[in-house]
Amino acid sequence: MAPMTRYRNIVILTGAGVSAESGIDTFRSAGGLWEQHRVEDVATPEGFARDPDLVLRFYDMRRVAIQTKVPNAAHEALARLDREWAGRSGGGEVLIVTQNVDDLHERAGALNVLHMHGEHLTVWCTACDARHRWTGPLIERPPCPACAAPSLRPDVVWFGEVPYRMDEITEALARADLFVSIGTSGAVYPAAGFVRLARELGADTLELNLERSQGSAWFDETRLGAASVLVPQWVGEVLGD
């Protein structure tokens, strides 16, 4: 890796491994289950059309659970980097692109966060296309605050749907001097392809993960260990502690 003083713009991709130490389960097990449910039943448009009550109850439970969790040392360190990097780099930027649908980056204090897979604590009205902050249940079909239609669904990108804000992510990768992937499996696209795009666009690449991911060969450097340990160490290096 190059000296940190070379870098100006940093794009950080975070996945389930960042939030796992806060007690949030990873999205998909090797058996294709998410908390004892088939992913096809609770995380696809077809599953929602087939059994909306099952899907709404599932996400109502997750929405409650998310609000009981707290950020861990990895979230705190990335929030610190977000706050301090511009001053250290002469105006450079840090963008955290997360696959996670929790709000732990924000609760740790990070401001420049982009949720490419949506958020548990927002809802999407399929009638008027509005999105709203939401902390309560959906199972009783409450009205949309904007149009009053009973058409709210979880604002989560399901399999078969297009991730959010891909144009912004691509533009950020084009500006990046360093791309860092933290706590991701390297198995879910398009996020799994970010490292290749970043390299093609000239960025250095670093992976921080519990174990080698499916895309480890594309990184200039891989460091293995718990996110709560590796991320604060790396942020300390970046900020010159």
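**Salt bridges, an aromatic cluster and some backbone oddities**

Asp220 comes out partly exposed, at 45% relative accessible area (buried is under 20%, exposed is over 50% and partly exposed is in between, using a 1.4 Å probe and protein chains only). The model is a predicted one, in which local features need pLDDT of at least 70 and side-chain atom pairs count only at pLDDT 80 or more, while totals for chains, interfaces and linings use all residues. Residues are numbered from 1 along each chain as its sequence is written, and side-chain values use heavy atoms, with hydrogens and water left out.

Asp220 has a partner: its side chain meets that of Arg199 in a salt bridge, 3.4 Å from N to O (a side-chain nitrogen of Lys or Arg within 4 Å of a carboxyl oxygen of Asp or Glu). Arg199 belongs to helix H8 (residues 194-200) and Asp220 to the loop between S10 and strand S11 (221-224), so this pair ties together parts that are 21 residues apart in sequence. Helices (H or I, at least four residues) and strands (E, at least two) are DSSP runs, numbered from the N terminus. Like its partner, Arg199 is partly exposed, with a relative accessible area of 35%. Next along, Glu221 is partly exposed too, at 24%, and it forms a salt bridge with Arg223 whose closest N and O atoms are 2.8 Å apart.

How many salt bridges does the model hold? By the cut-off above, the count comes to 16. Among them is one between the side chains of Asp204 and Arg6, at 3.6 Å from N to O. Here Asp204 sits in strand S10 (residues 204-209) and Arg6 in the segment before strand S1 (10-14), so the bridge ties together parts that are 198 residues apart in sequence. Asp204 counts as buried, with 13% relative accessibility. Elsewhere, Arg38, Asp41 and Arg50 are linked in a network of salt bridges.

Now to the rings. Phe, Tyr and Trp rings (the six-membered one for Trp) pair if their centres lie within 6.5 Å; planes under 30 degrees apart count as stacked, over 60 as edge-to-face and the rest as tilted. That rule gives four aromatic pairs. In one of them, Phe58 and Tyr59 have ring centres 5.2 Å apart and planes at 80°, so they are edge-to-face. Both side chains are tucked away: Phe58 is buried at 3% relative accessible area, and Tyr59 is buried at 1%. Tyr59 also pairs with Trp158, this time tilted, at 6.1 Å centre to centre and 50° between the planes. That contact links distant parts of the chain, with Tyr59 in helix H4 (residues 52-66) and Trp158, 99 residues apart from it, in the loop between strand S8 (152-156) and helix H7 (166-175). Trp158 is buried as well. Together with Phe48, these three residues, Phe58, Tyr59 and Trp158, form one aromatic cluster.

What sits over the ring of Trp158? The charged end of Arg153 does, 3.8 Å from the ring centre (the test asks for NZ of Lys or CZ of Arg within 6 Å of the centre and within 35 degrees of the ring normal). Arg153 lies in strand S8 and, despite its charge, counts as buried at 5% relative accessibility. Its side chain also makes a polar contact of 2.9 Å with that of Glu161 (N or O atoms within 3.5 Å, one able to donate a hydrogen and the other to accept it within protein, with residues adjacent in sequence counted only if both atoms are side-chain atoms). Apart from neighbours within four places in sequence, Arg153 is in contact (heavy atoms within 4.5 Å) with Phe48, Val123, Trp124, Thr126, Leu138, Trp158 and Glu161.

Strand S8 is mostly covered, with five of its five residues buried. It runs antiparallel to strand S6 (residues 118-125), and four bridges join the two (strands pair if DSSP finds at least two bridges between them). One bridge matches Cys125 with Leu152 of S8.

Finally, the backbone. Most residues other than glycine have a negative phi, and most peptide bonds are trans. The bond from Tyr189 to Pro190 is cis, with omega near 15°, and Pro190 is found in the loop between strand S9 (178-182) and H8. Phi is positive, near 60°, at Arg141, and likewise near 60° at Arg165. Arg141 lies in the loop between strand S7 (131-133) and S8 and is partly exposed at 34%. Arg165, in the loop between S8 and H7, is partly exposed at 43%.
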